[in-house]
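Me: I'm new to reading protein models, and I'd like a close look at one part of this one: the nonpolar core. Could you walk me through it and then show me what lies around it?

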Amino acid sequence: MLESKTRKIARVPGSSSWFLPREHGATAMLLIPIVCVTILAREWRWSELATLTAAFAALAAKDPMVVLARQRFVWNQPHPETAAAAKWFAGWLVILSLSGLVLLFTWPLREFLIMGLGVGIFSALAIIVSVKNRQRSTLFQIASAVALTSSSLATCLSATGRIAPWCMWLWFLMAIQPTAGILVVHSRLDARVAARETMPASEQFRHAAKVSLGVLLAAAVIAAILRRGWIALALLVVVAGYWYDLRRQRDIAALQTPLKTVGQRALALSSLFSGLLILGFW
């Protein structure tokens, strides 16, 4: 979730740049809800495939668009990756347009316009934030979590022709889980910086992370009262995992764990959480 956006362009020696999504956390937040709703909808329509390709294309198109925007507004000299970015952006735009046509004829018009407007606004915001190198903004990352997990709503529209109430709850739960994770990771980053500079770590994100875990715990209690045991368990597992991470952040040795490993653990926890949610909503 917090990987540097400046490393997202994968280069192949001796060839052009490949503009594929490089943020594993963002890709997971986009695709996992699609998988969950596809399973929970208990029916299949071909428009679900269009939802998948449209969502992936919209995510992938951002990187080349950022390069093009930087070339237009920031860089004074032409950069070699700009030509490749233009080609990749055109390709992703074709896929997005074709997928959008399928959804236009299968979704209710109002929902199509609302979803399309939302994607357009968030894409523009993401490009502006990236051009200004503000990708690590906590508020932007939380907004990204909410936006990316809304792929669950789009999948539900494709599968059932409407956004079912259960899907709204699923989206809510799948959005608050990575929000807590983002705050925990920022707390870790603050602790790592403080450990290197031998100074007290800022408690801002640590306190915010604890508040978010309190929200998850409250949701678990409500789920238990409503006799949604699997959902309560899913939330408790996440709370335990993130709380353990916060405790480990007091250990200097534990802070040396590579961020890649931290990200892999977060992905595993998110996958377990999603699996338990599927059981809870089944």
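**Inside the core**

Reply: Let's start in the middle. The largest nonpolar core has 44 residues, and the members that touch the most others are Leu170, Leu173, Leu216, Leu235 and Leu277. Plenty of helices chip in: helix 1 (24–40), helix 2 (47–73), helix 6 (151–160), helix 7 (165–196), helix 8 (204–225), helix 9 (229–248) and helix 10 (259–281) each give at least two residues to this core.

Pick out Leu277 and see what it touches. If you skip the neighbours within four places in sequence, Leu277 is in contact with Leu170, Leu173, Met174, Ile231 and Ala234. There's also a second, separate core of nine residues, with Ala26, Leu30, Ile34 and Leu59 among them.

Before going further, keep in mind that this is a predicted model. The protein chain has an average pLDDT of 89, and 94% of the residues score at least 70. Residues 1–16 are another story: pLDDT is below 50 there, although the stretch has 35 contacts in the model beyond near neighbours in sequence. Where pLDDT is low, the predicted coordinates shouldn't be read in detail.

Now back to that second core, and to Leu59 in particular. Leu59 is a contact of Thr27, as is Pro21, once neighbours within four places in sequence are left aside. Thr27 sits in helix 1, and its relative accessible area of 14% makes it buried, because the cut-off for buried is under 20%.

Next, the cysteines. Searching the whole structure turns up zero disulfides. Cys36 is in none, and the nearest cysteine sulfur to its own, that of Cys167, is 9.9 Å away. What about Cys167 itself? The closest cysteine sulfur to that of Cys167 is in Cys156, at 4.0 Å, so the two are too far apart for a bond; a disulfide needs the sulfurs within 2.5 Å. Both Cys36 and Cys167 are tucked away: Cys36 counts as buried at 2% relative accessibility, and Cys167 counts as buried at 0%.

Helix 2, one of the helices feeding the big core, is worth a look along its length. Helix 2 has 27 residues and reaches 37 Å from first C-alpha to last, close to the 39 Å expected at 1.5 Å a residue. Follow helix 2 along and you'll meet a kink of about 30° at Lys62, shortly before the proline Pro64.

Go back to where helix 1 hands over to helix 2, and you'll find Arg42 in the loop between them. Arg42 isn't a glycine, yet it has a positive phi of about 60°. Is Arg42 buried or exposed? Arg42 is exposed, since its relative accessible area is 52% and the cut-off for exposed is over 50%.

Finally, try helix 4 (109–131), which is followed by a loop leading to helix 5 (138–149). Helix 4 has 23 residues and reaches 33 Å from first C-alpha to last, close to the 33 Å expected at 1.5 Å a residue. Its buried residues are Glu111, Met115, Ala126, Ile127, Val129, Ser130 and Val131, and they pack against helix 2, helix 5 and helix 6. Just after helix 4 comes Asn133, with a positive phi of about 55°. Like Arg42, Asn133 takes that positive phi although it is not a glycine.

Conventions
Residues are numbered from 1 along each chain as its sequence is written. This is a predicted model: local features need pLDDT of at least 70, side-chain atom pairs count only at pLDDT 80 or more; totals for chains, interfaces and linings use all residues. Side-chain values use heavy atoms; hydrogens and water are left out. A nonpolar core is a set of buried Ala, Val, Leu, Ile, Met, Phe, Trp, Tyr and Cys residues joined through side-chain atoms within 4.5 Å. Buried means under 20% relative accessible area, exposed over 50%, partly exposed in between (1.4 Å probe, protein chains only). Helices (H or I, at least four residues) and strands (E, at least two) are DSSP runs, numbered from the N terminus. Contact means heavy atoms within 4.5 Å. pLDDT is the predictor's confidence in each residue, from 0 to 100. The expected span of a helix is 1.5 Å times one less than its number of residues. The bend at a residue is the angle between axes fitted to the seven residues ending there and the seven starting there.
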